[in-house]
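Please load the model in a viewer and keep the selection tool at hand. The stops below are meant to be followed in order.

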Amino acid sequence: MRTKTFNPTSTPTRVWRAPAISVTLRTGVFVLNRAAINKLDLKHGDMVQFHQDEDNPEDWYIEKVKGNGFVLREAGKQCNLCFNSKPLAMSIFESVAYEKPGGRMPIGEEFIHGKSHLWAVVTAKLLND
């Protein structure tokens, strides 16, 4: 007989280590986890903006900008950063026909577009299952 043992040492707690953005549609709150903050080199007071690919509307990107962006503020005790934009949340959810009240989107690889450094926002993880 082969067994697999589960105990406090062998069973890790659930930790979101992948860079990701959580979104709540009702309030339009976007929360960037610590891994996302580190990946994009963000801090309180920095600004971000989102870009949608017009040829592939389900493809979204996030960019750190110096002006004309959503200002990041501290969110809770986990040292996350957040901002609010219900219209942006609605646009992202509609672009992938997502019907739930909230979701989590991993941040993918960097994409250079002209002089801009964009990071892919993986909307494919928004599933209606």
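The tour begins with the whole chain and then moves through the sheet, strand by strand.

**Stop 1: the whole chain**

Display the full protein, bearing in mind that this is a predicted model. Colouring by confidence is a useful start: the mean pLDDT is 90, and 92% of the residues reach 70 or more. Among the elements, strand 6 has the lowest mean pLDDT, at 91, while strand 5 (residues 70-71) has the highest, at 98. Where pLDDT is low, the predicted coordinates should not be read in detail.

In a cartoon view, 2 helices and 9 strands can be traced. Their order along the sequence is β-β-α-β-β-β-β-β-α-β-β. Along the principal axes, the C-alpha atoms fill a box of roughly 60 × 30 × 30 Å.

Switch to a surface. The protein exposes about 8700 Å², of which carbon and sulfur atoms supply 53%. Of the 129 residues, 35% are buried. If charged groups are shown, the mean positions of the 17 positive and 14 negative charges lie 13 Å apart. For a contact map, take the contacts between residues at least 6 apart in sequence: 55% of these join residues at least 24 apart.

**Stop 2: the sheet**

Select the strands alone. In what order do the 9 strands of the open sheet lie? The order is 5-3-4-9-8-1-2-7-6, and the pairing is antiparallel. Strand 5 and strand 6 stand at the edges with a single partner strand each, so one side of each has no neighbour in the sheet.

**Stop 3: from the edge at strand 5**

Select strand 5 together with strand 3 (residues 47-52); the two pair in the antiparallel sense over 2 bridges. One bridge to label is that of Val48 with Phe70 in strand 5.

Next, add strand 4 (residues 60-65), of whose 6 residues 5 are buried, leaving the strand mostly covered. Strand 4 pairs with strand 3 in the antiparallel sense over 6 bridges.

Centre the view on Met47, which belongs to strand 3. Which residue of strand 4 stands opposite Met47? The residue is Val65. The C-alpha atoms of Met47 and Glu63 are 8.5 Å apart, with their positions 16 residues apart in sequence. Beyond its neighbours within four places in sequence, Met47 has contacts that include Glu63, Lys64, Val65, Phe70 and Val71. Gly67, Asn68 and Gly69 are also among the contacts of Met47.

Continue to strand 9 (residues 116-121), which pairs with strand 4 in the antiparallel sense over 3 bridges. Here Tyr61 stands opposite Ala120 in strand 9.

**Stop 4: strand 7 and its two partners**

Move to strand 7 (residues 80-84). Of its 5 residues, 4 are buried, so the strand is largely enclosed by the rest of the structure.

Add strand 2 (residues 29-32), which pairs with strand 7 in the antiparallel sense over 4 bridges. Label Val29 and the residue opposite it in strand 7, Asn84.

Then add strand 6 (residues 73-75); its antiparallel pairing with strand 7 runs over 3 bridges. Ala75 stands opposite Asn80 in strand 7. The hairpin of strand 6 and strand 7 has 4 residues between the strands, and within this hairpin Gly76 takes a positive phi near 75°.

**Stop 5: Leu32 and Leu81**

Finish with two side chains, one from strand 2 and one from strand 7. Is Leu32 buried or exposed? Leu32 counts as buried because its relative accessibility is 0%, and the cut-off for burial is under 20%. Leu81 is likewise buried, with a relative accessible area of 4%.

Display the surroundings of Leu32. Leaving aside neighbours within four places in sequence, Leu32 is in contact with residues including Ala20, Ile21, Ile62, Leu81 and Phe83. The C-alpha atoms of Leu32 and Cys79 are separated by 9.5 Å, although 47 residues separate them along the chain.

For Leu81, the corresponding list of contacts includes Phe30, Val31, Leu32, His44 and Arg73. The C-alpha atoms of Leu81 and Val31 are 5.8 Å apart, and the two residues are 50 apart along the chain. Ile37, Leu42 and Leu72 can be selected last: they appear among the contacts of Leu32 and among those of Leu81.

Notes: Residues numbered from 1 in each chain as written. Predicted model: local features only at pLDDT ≥ 70, side-chain atom pairs only at ≥ 80, totals over all residues. Heavy atoms only, no water. Buried < 20%, exposed > 50% of the residue type's maximum accessible area, 1.4 Å probe, protein only. Pairing = 2+ DSSP bridges. Contact = heavy atoms within 4.5 Å. Areas by Shrake-Rupley, 256 points an atom, 1.4 Å probe, with all protein chains shown as cover. Lys, Arg positive; Asp, Glu negative; His and termini not counted. Charge placed at Lys NZ, Arg CZ, Asp CG, Glu CD. pLDDT = per-residue confidence, 0-100.
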